[in-house]
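Let's take a look at the empty spaces in this protein and at the place where its ligand sits. Keep the 3D view open while you read.

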Amino acid sequence: MQTPPIPENSKKTIININGEICKPEDAKISVFDRGFLFGDSVYEVAKTYQGIPFLLQEHLDRLWKSASRLEMLLTVSQNDVSAEVNKALAELGVEEAYFRIILTRGEGPISLDPGEGVKNNLIIIAQEHLPFPSSWYENGVHVVITNVVRVSKESVDPNVKSGNYLNNVMAFMQAKREKAFDSIMLNHKGHVTQGTTSNVWIVKDNTIKTPPLQAGILEGITRKTLLQLAKSDDSLKIEQVNFTAEELINADECFLTSTMKEIVPVTQIDNSPIGTGTVGPLTVKLHSLYSDFVKRTVEGL
Ligand code: PDD
């Protein structure tokens with residue numbers, strides 16, 4: 001059903017390591033970096049529209065929030081990061097770019113104890129972004145409900161966007177095995193949490209629902225934007241509420257949200273079609289609200 005992904009090495013890519021611009025093949029990081037050793041890092045993924053980084057401040061704020069929750073001392077400022085992002089993007093020179101900002105706790109001895117005086121490594125990967133297959137948006141995608149349980153809020157809160165994504169990697173591997181687009185992860189109470197790199201939403205009887213932060217999710221920036229946009233439209237009823245896998249399967253509509261993919265309709269879960277098995281009207285309406293917001297934001301800058 002899906003178009004095979006374009007090989008990474010065929011996309012134009014620029015790397016910025018601590019302010020030094022280099023080609024991907026020359027980008028090197030120490031094996032003593034704690035991001036490499038322990039996943040002891042935080043990161044963000046954002047994109048540009050018409051060459052302009054979209055909602056960069058929101059991404060920097062979430063990066064800082066993640067670092068703070070991990071008690072990670074930061075030796076760079078938001079202005080430094082933003083300047084390095086712009087430097088990498090200028091070097092890349094494309095209109096539509098993916099960029100990933102990684103801040104590791106830094107390098108040190110092989111010990112869980114970060115010790116004192118650790119200096120962060122700041123890595124920015126800027127890559128040309130090619131459009132996703134239109135079939136995702138026109139026909140919707142197939143997801144599965146994974147038996148990989150989402151780590152709980154009481155563990156390392158999924159609301160921290162850290163470099164440790166093994167929970168999500170395992171869930172995604174199940175989706176790949178089942179030839180699905182993605183997996184939906186439940187928490188230990190059996191409530192729906194999210195996709196592996198996206199937030200999940202359903203529509204039932206004209207009410208739009210998405211799990212609350214307490215379910216154990218990453219507070220997606222697209223999710224936050226959509227909640228705000230929907231609030232200013234009186235015709236839309238929206239709730240942050242827990243729901244089960246059964247309610248998900250019996251929904252009228254379902255969709256996933258993320259910065260890169262925006263709003264992806266889900267038309268099949270496991271072996272069941274969602275609603276009529278076609279892209280639902282509220283999914284289309286929300287995507288159009290989101291696209292208008294992107295346009296207004298980019299043109300307003
Ligand atoms: N992921 N949940 C998880 C676990 C994510 O990794 C992401 C984003 C989201 C959606 O968040 P946002 O709307 O802010 O993009 C939810 C990015 C795209 C990634 O890691 O590639």
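The second largest pocket has a volume of about 330 Å³. Keep in mind that this is a predicted model. So who lines the second largest pocket, and which residues lie nearest its centre? There are 21 lining residues, and those nearest the centre are V156, V160, S162, N164 and Y165. Go by structural element, and helix α5, covering residues 166-177, gives the most to this lining, with 3 residues. Sort the lining of the second largest pocket by class instead, and you get 9 nonpolar, 7 polar and 5 charged residues. You'll also find two domains taking part here: domain 1 (8-128) and domain 2 (134-300) each put at least three residues into the lining of this pocket.

Now for the ligand. It has 19 residues around it, and Y43, Y165, Q194, T222 and T259 come nearest. You've met Y165 already, among the residues nearest the centre of the second largest pocket. Where does the ligand lie relative to the two domains? Domain 1 (8-128) and domain 2 (134-300) both give residues to the shell around the ligand, so the ligand lies between them. Several elements chip in too: β3 (41-49), α6 (221-231) and β13 (253-258) supply at least two shell residues each. By class, that shell is made of 5 nonpolar, 11 polar and 3 charged residues.

Some side chains bring an N or O atom up to an oxygen atom of the ligand. Here are three of these pairs:

| Side chain | Distance to a ligand oxygen atom |
|---|---|
| K161 | 2.9 Å |
| Y165 | 2.5 Å |
| T222 | 2.6 Å |

How much of the ligand does the protein bury? On its own the ligand exposes 470 Å², and the protein buries 94% of that.

Last stop: space that is closed off inside the protein. Rolling a probe the size of a water molecule over the atoms shows where empty space is left. How many cavities of 30 Å³ or more does the structure hold? The count is 1. The largest cavity has a volume of about 40 Å³. Its lining is made up of D252, E253, C254, P265, V266, T267, I274, T278, V279, G280 and T283. Two elements give two or more residues to this lining, namely β13 and β14 (262-269). Of these, β14 provides the largest share, with 3 residues. You may remember β13 from the ligand, where this strand supplies at least two residues of the shell. By class, the lining of the largest cavity splits into 5 nonpolar, 4 polar and 2 charged residues.

Definitions and conventions:
Residues numbered from 1 in each chain as written. Predicted model: local features only at pLDDT ≥ 70, side-chain atom pairs only at ≥ 80, totals over all residues. Heavy atoms only, no water. 1 Å grid on protein atoms, 1.4 Å probe; cavity = no way out; pocket = protein on both sides within 12 Å on 5 of 7 lines; lining within 4 Å. Points joined across faces, edges and corners; volume = space filled by probe spheres on them. Helix = DSSP H or I, 4+ residues; strand = E, 2+ residues; numbered from the N terminus. Nonpolar A, V, L, I, M, F, W, Y, C, P; charged D, E, K, R; others polar. Domains from an automatic or database assignment. Near = heavy atom within 4 Å. Polar contact = N/O pair within 3.5 Å; in protein donor to acceptor, adjacent residues only side chain to side chain. Areas by Shrake-Rupley, 256 points an atom, 1.4 Å probe, with all protein chains shown as cover.
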